[in-house]
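Colleague: Got a minute to go through this one with me? I have some questions about the chains and how they pack.

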Amino acid sequence: MGQGSSKIEVTKADKAILQLKISKDELHRYTKRTETLIFNEREKLKRMLREDTKNGTKSPRARILLKKIHYQNHLLEQAADQLINLENLVATVEFKLVEKQFMVGLQQGKDVLTRLNKEFKGAEDLMDSVADQIAYQEEIDQVLSSSLIGGFEEELDRELQDLDEEVNGSKEEAPVKLPDVPTEHPIASPELPSTEHLPELASVENQPQEKPQREAQFA
Amino acid sequence: MRHGLAAFNAERSEHYEATATLLSRQNRELDLQLNAFQEKLVDFAKDHNSELKANPDFRVKFIKMCSSIGIDPICLFDKERHLFDVNDYFYEICVKVIELCRHTQDLNGGVISFDELHKGHFQQLKVDMADLQKAVEMLETLDGGLEVFTIKNKKYLRSVPNELTNDHTKILEVCSVLGYASVSLLRINMDWMPVRSDAVLKEMVAKGMLWVDGQAAGETIYWDPAWIVRSHDD
Amino acid sequence: MTDSLPPIYNFPPLYTCQPNVLIRKQQLATWCDLLLNYAKDNKAWCLNHEGSILRDSESSNASIFKNETIQRVAPAPFIDQIWKEMVRGQKAVKNSDEAYFILWRSLEQWSSLVLQWFETSGKLNQVVTLYELLEGDESLGWEFHGMHQTLCELCLQKLCDRGRATLLKEQNKIMGVKVL
């Protein structure tokens with residue numbers, strides 16, 4: 001912990017900014033110093049005028065002092081300008097660094113995007129073959145549905161209807177399908193089936209009907 | 001980018017920051033809550049004054065709770081309205097007196113003036129001198145090693161178990177005038193032999209009741225630490 | 001300069017090393033508090049061994065160990081004891097042979113404050129010179145403004161130990177810092 005490996009990276013740009021800032025600090029120090037100097041000299045001048053009220057204004061020393069103050073002021077202004085210049089420069093450099101970061105980010109984003117796009121290269125072929133497969137699938141579906149159900153369907157429908165009629169009786173269809181009442185007397189009586197077996201049929205049908213009745217009586 | 005162990009390091013310090021801010025925020029919130037709670041408790045005590053007075057069990061539990069969250073029980077008493085029992089009020093002062101005596105023992109050798117007790121500590125709790133004296137009287141009856149003695153109309157409280165001899169009291173008496181005593185001062189005022197003065201003064205230094213000052217003109221002088229508080233009042 | 005100190009400062013025997021051990025302990029603790037108060041009230045970062053404030057490597061004649069009002073001076077061996085106690089209690093750090101930094105806040109507290117400045121003024125991940133940090137207009141109003149550079153280096157070292165800062169050197173002198 002706290003060894004070299006955890007050190008924050010110091011780039012060349014950092015070093016350059018440091019140099020810039022050091023000179024900026026030097027200027028800052030200079031302006032501070034000059035400010036106090038001017039202040040002190042101004043105080044001195046004031047004291048001088050206060051002490052010699054009559055011809056203080058005419059004294060050459062006061063003049064020289066004022067000149068000096070003006071000169072210092074001039075220097076101070078210059079220094080302040082330079083300070084601002086340097087500050088601007090630092091700000092610009094720092095902004096450039098951010099821009100550089102931005103460029104790097106952009107570059108990386110682009111790289112990732114191209115790499116991803118490269119992976120999409122086979123997409124067309126893929127889509128083609130997918131379409132083929134889908135078409136084939138549809139074909140299969142059709143074949144299957146026609147062979148299995150398509151032909152059969154109608155037959156099934158018909159059979160279902162037949163069954164339905166058989167069970168429920170074709171109530172609706174009966175009156176429609178009834179043949180017209182014959183208006184003419186039949187020319188010949190239709191050949192009737194022999195009735196020799198009828199009683200036999202009746203006895204077979206009646207027997208199961210009577211049985212449950214009897215059972216019910218016992219119960 | 002950091003790799004390996006260093007990556008953990010960065011994360012750790014971030015955690016450290018995060019915990020610190022989190023903890024300080026929690027602290028602030030807790031403080032706030034505690035303050036609100038304290039106010040409510042004081043209100044509660046005022047509202048349920050009669051119940052607290054009637055039920056000693058309830059009272060003891062209530063006071064225990066108050067002191068555990070940092071309310072000085074003395075704050076809860078309102079002498080005019082006889083909050084709780086009046087006696088409880090004095091008991092609390094007694095406890096405070098003992099605490100203060102123990103706390104200042106190293107500084108003054110266990111001798112403290114009533115003025116110092118009152119001005120230094122009880123004034124801000126709005127306890128007046130008479131109450132303080134009554135409380136100390138109660139303490140005296142306990143016979144727990146506390147003793148009140150008077151030097152030049154000023155009352156002092158002695159909390160260390162050793163007996164104050166007449167000589168000790170005399171020296172403290174001299175100290176109460178100038179703040180210090182010395183061999184020559186004692187000879188002039190009490191007509192003591194230098195040997196006797198020296199012995200008693202050294203004994204009192206050893207007991208922590210006086211401080212040595214070796215830079216006075218002429219001789220070593222011995223100061224009573226009560227002077228610190230007294231000079232402050234002037 | 002000593003007006004704001006508590007009344008015990010004018011207690012004459014405070015300037016004599018007390019023979020009673022218990023009392024001496026109390027006495028040394030009192031001196032430590034006095035030194036901290038004195039340094040804080042005068043915004044003095046550095047005192048020399050004699051107890052005078054050091055500013056820009058000039059020392060004034062006044063010393064906390066000299067009390068003109070009551071004509072008392074703490075003797076040199078006793079001053080040694082006081083400094084020893086100060087360093088032991090981490091209330092002072094020895095700078096050079098003759099000077100001590102008075103820590104009325106601990107190094108950790110100072111470094112946290114500096115870190116706070118970096119965070120609130122948006123200086124993270126930027127190169128900042130020590131001069132800028134301590135004398136620049138942007139740290140005006142912060143308690144560490146005007147701090148002694150060496151003391152500041154100690155605080156920044158704490159940040160380095162936490163992996164939050166790197167010191168930038170120029171001709172083997174620490175000039176700048178980068179805080180993350």
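Modeller: Here are some questions and answers on this predicted model.

Colleague: What ipTM and pTM does the model score?

Modeller: The ipTM is 0.75 and the pTM is 0.61.

Colleague: And what is the mean pLDDT of chain C?

Modeller: Chain C has a mean pLDDT of 88, with 99% of its residues at 70 or more.

Colleague: Which elements of chain C have the lowest and the highest mean pLDDT?

Modeller: Strand E3 (residues 58-59) of chain C has the lowest, at 70, and helix H2 (residues 76-88) of chain C the highest, at 92. Where pLDDT is low, the predicted coordinates should not be read in detail.

Colleague: How many helices and strands does chain C have?

Modeller: There are 5 helices and 10 strands in chain C. Of its 180 residues, 38% are buried. Among contacts in chain C with a separation of 6 or more, 54% are between residues 24 or more positions apart.

Colleague: Same for chain B: how many helices and strands?

Modeller: Chain B has 11 helices and 6 strands. Buried residues are 29% of its 234 residues. For contacts in chain B between residues at least 6 apart in sequence, 53% join residues at least 24 apart.

Colleague: Back to chain C. In what order do E8, E9 and E10 sit in their sheet?

Modeller: The order is E8-E10-E9, in an open sheet of 3 strands with antiparallel pairing. Strand E8 (127-129) and strand E9 (165-170) of chain C are at the edges; each has a single partner strand, so one side of each has no neighbour in the sheet. On average, neighbouring strands of this sheet are turned by 35 degrees against each other, direction ignored.

Colleague: How many bridges join E8(C) to E10 of chain C?

Modeller: 3 bridges, and the two strands run antiparallel. Val128(C), for one, has Val177(C) in E10(C) as its bridge partner.

Colleague: What packs on that sheet from chain A?

Modeller: Helix H1 (residues 12-51) of chain A does, touching E8, E9 and E10 of chain C. The direction of this helix makes about 30 degrees with that of E8(C). Helix H5 (residues 149-161) of chain C also packs on the sheet, where it touches E9 and E10 of chain C, and its direction makes about 130 degrees with that of E9(C).

Colleague: How many residues are in contact between chains B and C?

Modeller: 19 residues of chain B are in contact with 19 residues of chain C. On the chain B side, the elements giving two or more residues are helix H1 (5-47), helix H5 (86-108), helix H10 (194-206), strand E5 (211-213) and helix H11 (226-233). That side divides into 10 nonpolar, 7 polar and 2 charged residues.

Colleague: Now the largest nonpolar core. Which residues touch the most other members?

Modeller: Ala181(B), Tyr222(B) and Ile102(C), in a core of 90 residues. Helix H1 (residues 21-41) of chain C gives the most to this core, with 7 residues. Leaving out residues up to four places away in sequence, Ile102(C) touches residues including Leu35(C), Leu36(C), Trp45(C) and Ala92(C).

Colleague: Last one, in chain A. Where is Leu65(A) found?

Modeller: Leu65(A) is in helix H2 (residues 60-119) of chain A. Beyond its neighbours within four places in sequence, Leu65(A) is in contact with Glu41(A), Lys44(A) and Leu45(A). The C-alpha atoms of Leu65(A) and Leu45(A) are separated by 6.9 Å, with the two residues 20 apart along the chain.

Colleague: Why does Leu65(A) count as partly exposed?

Modeller: Because Leu65(A) has 16 C-beta neighbours inside 10 Å, and a residue is buried at 20 or more and exposed at 12 or fewer.

Terms used: Residues numbered from 1 in each chain as written. Chains lettered and ligands numbered in written order. Predicted model: local features only at pLDDT ≥ 70, side-chain atom pairs only at ≥ 80, totals over all residues. Helix = DSSP H or I, 4+ residues; strand = E, 2+ residues; numbered from the N terminus. Contact = placed C-beta atoms within 7 Å. Nonpolar A, V, L, I, M, F, W, Y, C, P; charged D, E, K, R; others polar. Pairing = 2+ DSSP bridges. Axes fitted to C-alpha atoms, helices over the stretch in contact; angles between N-to-C directions. pLDDT = per-residue confidence, 0-100. Core = buried A, V, L, I, M, F, W, Y, C linked by C-beta atoms within 7 Å.
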